[in-house]
Amino acid sequence: RFTFTVVKFGNAAFAATYLGSADTSLSLAALSGAGAPESLHSAPGVVQRAFSELALAHADTYELGELYRLGATCAEAIAAPLVVDGQVLGALLVALPASVQATGDPELVSAVADLASAALANERRIALTHAEARRDALTGLANKRAFDELLGGLAERRPNDGPLSLVLFDVDGFKRANDEHGHVAGDEILREVGRVFLRVVRSED
């Protein structure tokens, strides 16, 4: 929606949003505009520069040539990093069409980048909260809420969905170890059981 806002109100040929982190490469997340080429899956140089320098970047002659080779004919291109609380989330690219006698509005691009950064950070927080609410903090395994939701989904299975197995198990001697060695030792046993399960159980199980 933010790329669409820039295209609509900024006279842009297209706008693209790339997401990534300091440890991962940028990947295309959204693309808007009639002039948007299909070949922008990899972040062009001006986007990588804004991302690495954490600053607004105006495409130079070489970077405009790169965009042209990618099928994006534009007179000007501006990239802005997406940053929230010092965490870099990605970058926004805005390109002006070659047929329009106008200059890009860096303030608009920066404002939209700020809004996009805040929205992305909020979405990530919501997703993390959702995941944490369904994860046992001690073992890292799914908790009762996740189990109940899974059972609710399984109740809607059709007969031809295939067989379903439910496995129950008990940790032998756990109560005695907990009583004799204390809850710290008992917690470590549960953590180790959780580590074993996360290591050996398939992700679809």
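**Entry 1: helices, then H5**

I started with the bookkeeping: a helix here is a DSSP run of H or I with at least four residues, numbered from the N terminus. With that in hand I looked up helix H5, which covers residues 144–154 and holds both Asp148 and Lys144. The two sit four residues apart, about one turn of the helix. Note to self: this is a predicted model.

Their side chains do meet, in a salt bridge with N to O at 2.8 Å. How exposed is Lys144? Lys144 counts as exposed, because its relative accessibility is 60% and the cut-off for exposed is over 50%. Asp148 has a relative accessible area of 37%, so I logged Asp148 as partly exposed.

**Entry 2: the whole chain**

I stepped back for an overview. The protein chain has seven helices and five strands. Read from the N terminus, the order is α-β-β-α-β-α-β-β-α-α-α-α.

I also looked up burial and surface. Of the 205 residues in the protein chain, 30% count as buried. The accessible surface comes to about 13200 Å², and carbon and sulfur atoms own 56% of that. For contacts between residues at least 6 apart in sequence, I noted that 50% join residues at least 24 apart.

**Entry 3: salt bridges in H7**

How many salt bridges does the rule give? The count comes to seven. I went to helix H7, residues 183–200, for a friendly little cluster.

Glu192 and Arg195 both lie in helix H7, three residues apart, about one turn of the helix. They form a salt bridge, with the closest N and O atoms 2.9 Å apart. Arg195 also forms a salt bridge with Glu188, and there the closest N and O atoms are 2.7 Å apart. Adding Arg191 completes my note: Glu188, Arg191, Glu192 and Arg195 are linked in a network of salt bridges.

Are these side chains buried or exposed? I found in-between values: Arg195 is partly exposed at 37% relative accessibility, Glu188 is partly exposed at 36%, and Glu192 is partly exposed, also with 36%.

**Entry 4: rings**

I searched the whole structure for aromatic pairs and got one. The pair is Phe169 with Phe197: the ring centres are 4.8 Å apart and the planes stand at 20 degrees, so the pair is stacked. The cut-off behind that call is planes under 30 degrees apart.

Which parts of the chain does this pair link? Distant ones: Phe169 is in the loop between H5 and helix H6 (174–181), while Phe197 is in helix H7, 28 residues apart. Phe197 counts as partly exposed, because its relative accessibility is 32%.

One more ring caught my eye. Arg69 lies over the face of Tyr62, at 5.9 Å from the ring centre.

**Entry 5: a nonpolar patch**

Phe169 and Phe197 came up again when I looked at the surface. Together with Val196, Val200 and Val201 they form a nonpolar patch there, with about 410 Å² of accessible area together. Val200 lies in helix H7. Is Val200 buried or exposed? Val200 is exposed, since its relative accessible area is 57% and the threshold is over 50%.

To close the page, I put the H7 notes side by side. Helix H7 holds Glu192 and Arg195 from the salt bridges, Phe197 from the stacked pair and Val200 from the patch.

Terms used:
Residues are numbered from 1 along each chain as its sequence is written. This is a predicted model: local features need pLDDT of at least 70, side-chain atom pairs count only at pLDDT 80 or more; totals for chains, interfaces and linings use all residues. Side-chain values use heavy atoms; hydrogens and water are left out. Patches are made of residues with over 30% relative accessible area and no salt bridge: like charges are joined within 9 Å, nonpolar side chains (Val, Leu, Ile, Met, Phe, Trp, Tyr) within 5 Å. Accessible areas come from the Shrake-Rupley method with a 1.4 Å probe; for residues, only the protein chains shown count as cover. A salt bridge is a side-chain nitrogen of Lys or Arg within 4 Å of a carboxyl oxygen of Asp or Glu. Buried means under 20% relative accessible area, exposed over 50%, partly exposed in between (1.4 Å probe, protein chains only). Rings of Phe, Tyr and Trp (its six-membered ring) pair if their centres lie within 6.5 Å; planes under 30 degrees apart count as stacked, over 60 as edge-to-face and the rest as tilted. A charge sits over a ring if NZ of Lys or CZ of Arg is within 6 Å of the ring centre and within 35 degrees of the ring normal. Contact means heavy atoms within 4.5 Å.
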